[in-house]
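Subject: Structure for you to look at

Dear colleague,

I am passing on a structure that you have not worked with before, and my notes on it follow underneath. Please have it open while you read.

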Amino acid sequence: MLKQARSVLMCAGLNGGTCVVIGAFAAHALQHHLDERSMSVLKTGLLYQQWHTLVLLFIAVAMRQWPGLAWHWPARLVATGIGFFSLSLYMLALGMPSWLGLLTPLGGLFFIGAWLVLFLMAYKARDL
């Protein structure tokens with residue numbers, strides 16, 4: 001379980017750092033090159049990535065606190081959701097093909113799945 005917690009924490013660290021880099025790049029290098037809509041799309045991707053990075057941090061801590069639960073499921077769903085949701089929005093904001101927008105709702109479904117799995121885990125584990 002400690003290896004899994006370490007992996008989730010590393011994933012959170014990578015995502016958190018990526019948020020800072022993308023946010024800084026957008027604020028300093030892209031603000032004069034992207035229109036208002038594209039900047040809004042990029043900021044939406046950042047917002048969801050930032051919040052779900054915090055969820056990954058919570059999961060890493062929870063893995064150590066309550067080691068008997070299957071924390072790897074919500075962690076994988078959140079990480080995959082970030083990949084599909086935020087990455088597709090970043091690519092769309094930068095003018096990549098519009099069909100990439102099909103990946104965004106798929107990422108949202110992964111996020112929803114992660115939250116539902118967390119709910120079910122809490123419901124089933126009465127000793128939390």
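Among contacts in the protein between residues at least 6 apart in sequence, 70% join residues at least 24 apart, where contact means heavy atoms within 4.5 Å. Please keep in mind that this is a predicted model, in which local features need pLDDT of at least 70 and side-chain atom pairs count only at pLDDT 80 or more, while totals for chains, interfaces and linings use all residues. Residues are numbered from 1 along each chain as its sequence is written, and side-chain values use heavy atoms, with hydrogens and water left out.

To begin with the overall picture, the protein has four helices and zero strands, and along the sequence its pattern reads α-α-α-α; helices (H or I, at least four residues) and strands (E, at least two) are DSSP runs, numbered from the N terminus. Taken along the principal axes, the box that the C-alpha atoms fill is roughly 50 × 25 × 20 Å. Of the 128 residues, 37% count as buried, a term that stands for under 20% relative accessible area, with exposed being over 50% and partly exposed in between (1.4 Å probe, protein chains only). The protein exposes about 8,000 Å², of which carbon and sulfur atoms supply 70%; these accessible areas come from the Shrake-Rupley method with a 1.4 Å probe, and for residues only the protein chains shown count as cover.

Turning to the interior, the largest nonpolar core has 31 residues, and those with the most contacts inside it are Val8, Leu42, Leu56, Ile59 and Trp71. Such a core is a set of buried Ala, Val, Leu, Ile, Met, Phe, Trp, Tyr and Cys residues joined through side-chain atoms within 4.5 Å. Helix H1 (2-30), H2, H3 and H4 each supply at least two residues of this core, and the largest share, ten residues, comes from H2. If residues up to four places away in sequence are not counted, Ile59 touches Val8, Trp71, Pro74 and Ala75.

Trp71 itself is found in the loop between H2 and H3, and this residue is buried, with a relative accessible area of 4%. Leaving aside neighbours within four places in sequence, Trp71 is in contact with Phe58, Ile59, Ala62, Met63, Trp66, Leu118 and Met121.

Next come the two helices that I looked at individually. For H3, the 22 residues should span 32 Å at 1.5 Å a residue, and the end C-alpha atoms are 31 Å apart, which agrees; the expected span of a helix is 1.5 Å times one less than its number of residues. The buried residues of H3, among them Pro74, Leu77, Gly81, Phe85 and Ser86, pack against H1, H2 and H4. Ser86 is buried, with a relative accessible area of 1%, and, its neighbours within four places in sequence aside, is in contact with Gly45, Tyr48, Gln49 and Gly81. After H3 comes Gly95, whose phi is positive, near 90°.

Helix H4 (residues 103-124) also has 22 residues, with an expected span of 32 Å, and its end C-alpha atoms are 31 Å apart, which agrees. Its buried residues include Thr104, Gly107, Phe111 and Leu118, and what covers the buried residues of H4 includes helix H2 (36-65) and helix H3 (72-93).

Finally, how many aromatic pairs are there? The count comes to seven, where rings of Phe, Tyr and Trp (its six-membered ring) pair if their centres lie within 6.5 Å, planes under 30 degrees apart counting as stacked, over 60 as edge-to-face and the rest as tilted. Tyr48 and Phe85 form a tilted pair, at 4.5 Å centre to centre and with 40° between the planes; this pair links distant parts of the chain, with Tyr48 in helix H2 and Phe85 in helix H3, 37 residues apart. Tyr48 is partly exposed, with a relative accessible area of 35%, whereas Phe85, at 11% relative accessibility, counts as buried. The rings of Phe84 and Phe110 have their centres 5.5 Å apart and their planes at 5°, so this pair is stacked, and it joins helix H3, which holds Phe84, to helix H4, which holds Phe110, 26 residues apart. Ring pairs also link Tyr48, Phe85 and Phe111 into a cluster.

With best wishes
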